[in-house]
Structure formats: C-alpha cells, structure tokens
Amino acid sequence: MGVVNVTPDSFSDGGVHLQPAAAVAAGWRMLDEGAAIVDVGGESTRPGSEGVPLDEELRRIVPVLEGLRGAPVSIDTAKAEVARCALELGAELVNDVTALRGDPELAGVVAESGAYLCLMHMQGEPRTMQRAPQYDDVATEVAAFLEQRLRFAVDAGIAEERICLDPGIGFGKTVGHNFELVRRLDVLTALGRPVLVGFSRKSALGRILGDPTAKTGPLAASVAAAVAAYERGATILRVHDVRPHVEALTVAAAVVGT
Ligand code: HH2
C-alpha cells in the first residue's frame, strides 16, 4: 500500500503532494513501482495534530481521486462524508484510524457501499496520544480492541471478509510497544483477518537508531520493519517508498517460499 498524503503537515511527506497534480503523479508512480493500492489521505494524524474541517479535507482529496480514477485507491479518513465522496469517485477501501469510533455515520457508509475496511488500533487521540502510552500487555490489549471493533463492524452490516486489522504503529505507543507489536504479530493474525502494518518512516525507527527526539525514521529501517512484519504474517504493508519495499518484500517472499 503506497501512501499519498495530500496535506501540508504530515510527519514525513507534509507538503510534498499538496498540489493535486503532484499527488496524482505520485499515486500512478507507486502503482507502476508495484503497489497494489494507493492510500490517499487529506488529514494528518501525526502526534499533536488537531484535525482538519470537512470542507478542507474534501478540497484536498477530490481532485486527487479524480486523477486516480480507475486505479486501486484507499481513502484514509475518519469522516463519513469524505468516505462517501471517495467511494463515489472509485475508492475501494476505507482506512479509518479511529476503527469506526470517530464518526457514527461511517459504518453505515461502508456497509452500504460494500467497500473494504481497515480497522486500526489507537490509544487516545492524535493530539495527546504520545504523552504517556500505557499497557499491561500491549499485544493482547490491541488484539482485544481489534476483535471488539471487528464485531462492531460486522454487526453494522460490513462483511467480515472485507475487513483488515492494523495494530496502529505509533498511535499511542512507546518505541518498545511498537516493536513488541511486530514481534508478537501472531496474536493479531490469530484473529483470522489480514493484518496491515504501517511502520514506514515512523519515529520509533529513528529513535531505536539513537536519536531520542527523532520525528521520522530512515528508509533502510522502514524496509527492515516491513520485512520483519511480513515474516510474522502481515499481508499489507503501508509504505511511503514503494519501489525499495517491493524489492525487499519480493526477496523476503522468495525466501519464505510463498
Ligand atoms: N499511519 C498513518 C496514517 N494512517 N493508517 C493505517 N491503517 N495504519 C497506519 O499505520 C497509519 C495510517 C501515519 O502516517 P502518515 O500518513 O505518513 O502521516 P500523517 O498521519 O502525518 O499524514
């Protein structure tokens, strides 16, 4: 899954794809490089972020989705109205970092459209989530949360076969929590749904490399995290640098023998 953030303030690529033409070109390039789907987002959820109003999020994503018509696209939003509009413009998957807790209308929009859905774990909310994340056992708590949100989505009429689950790397987690979640990914794959992992460029990578104030992590570290997640059962890797990840994951798949 290639990431196209149409935002001025995303933690690693803020401003890079703010012009629709740049975002559209990046999306097609990622598909050309081997991405199976492009995740378009118009709101940053980086630590400390405040969120954007509906009209601004729509203004950012609509021309990009128009330019990506016919391509496999996912919409990274927690807003029902944005999801509805994106699905009308051809998006196939709704990627909701709130796991259907943000907008009470979103479950109905996904159910009605028959779209795919990603449910992600987050402790707290972006504005405050990195202040003091705490768990007794991060893997079992994240798994219990995702299982409960999966039940909620299915009860709302969304087909279970269309749902994937995501531990939410960096969303209310310490460096140690993030790595433990990948190490113990089997606890999440045991839920029986595809698992998506988005470790690309995240600050835990820069921090484990020795910079305690890092806001991002480098490419080689991102690739290592993606391969480790893949070996532990992740089947969707959300990444900013598609070509090197496709190359590494192709080799990892050859080694694993799938
Ligand atoms: N991470 C980000 C945004 N959306 N969605 C899923 N399912 N999983 C993730 O790990 C995830 C996500 C944050 O990364 P990015 O989009 O690059 O940054 P920002 O939120 O600052 O736009």
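The exercises below concern the pockets and the ligand of this predicted model.

**Exercise 1.** Describe the largest pocket by its volume, its lining and the elements that contribute to the lining.

*Solution.*
Step 1. Start with the volume: the largest pocket holds about 610 Å³ of space.
Step 2. Count the lining, which comes to 30 residues. Those nearest the centre of the pocket are F11, R46, P47, G170 and K202.
Step 3. Assign the lining to elements. Two or more residues come from helix 6 (175–183) and from helix 8 (203–208). Helix 8 gives the most, with three residues.
Step 4. Sort the lining of the largest pocket by class: twelve residues are polar, nine are charged and nine are nonpolar.

**Exercise 2.** Which space does the ligand take, and which residues come nearest to the ligand?

*Solution.*
Step 1. Place the ligand: the space it takes is the largest pocket.
Step 2. List the surroundings. With a cut-off of 4 Å between a heavy atom of the residue and the ligand, there are 18 residues around the ligand. S10, S44, D166, K202 and H240 come nearest.
Step 3. Compare with Exercise 1: K202 is among the residues nearest the centre of the largest pocket, and K202 is also among those that come nearest the ligand.
Step 4. Classify the shell around the ligand, which has seven polar, six nonpolar and five charged residues.

**Exercise 3.** Find side-chain polar contacts of N95, R238 and H240 with the ligand, and state how much of the ligand the protein buries.

*Solution.*
Step 1. Apply the cut-off for a polar contact, a pair of N or O atoms within 3.5 Å.
Step 2. Take the nitrogen side of the ligand: one of its nitrogen atoms lies 2.8 Å from a polar side-chain atom of N95.
Step 3. Take the oxygen atoms. A polar side-chain atom of R238 is 2.8 Å from an oxygen atom of the ligand. For H240, the distance from a side-chain N or O atom to an oxygen atom of the ligand is 2.6 Å.
Step 4. Turn to area: the ligand taken alone exposes 480 Å², of which the protein buries 99%.

**Exercise 4.** Describe the second largest pocket by volume, lining and residue class.

*Solution.*
Step 1. The volume of the second largest pocket is about 430 Å³.
Step 2. Its lining has 20 residues, and M1, A36, T235, I236 and L237 lie nearest the centre.
Step 3. Strand 8 (236–237) and helix 10 (242–256) each supply at least two lining residues. Helix 10 gives the most, with five.
Step 4. By class, the lining of the second largest pocket comprises 15 nonpolar, four polar and one charged residues.

Notes
Residues are numbered from 1 along each chain as its sequence is written. This is a predicted model: local features need pLDDT of at least 70, side-chain atom pairs count only at pLDDT 80 or more; totals for chains, interfaces and linings use all residues. Side-chain values use heavy atoms; hydrogens and water are left out. On a 1 Å grid over the protein atoms alone, a cavity is a set of points where a 1.4 Å probe fits but cannot get out, and a pocket is an open set with protein on both sides within 12 Å along at least five of seven lines; lining residues have an atom within 4 Å of a point. Grid points are joined across faces, edges and corners, and a volume is the space filled by probe spheres set on the points. Helices (H or I, at least four residues) and strands (E, at least two) are DSSP runs, numbered from the N terminus. Ala, Val, Leu, Ile, Met, Phe, Trp, Tyr, Cys and Pro count as nonpolar, Asp, Glu, Lys and Arg as charged, and the others, Gly among them, as polar. A polar contact is a pair of N or O atoms within 3.5 Å; within protein, one must be able to donate a hydrogen and the other to accept it, and residues adjacent in sequence count only if both atoms are side-chain atoms. Accessible areas come from the Shrake-Rupley method with a 1.4 Å probe; for residues, only the protein chains shown count as cover. A molecule sits in a cavity or pocket if more than half of its atoms lie within 2 Å of its grid points.
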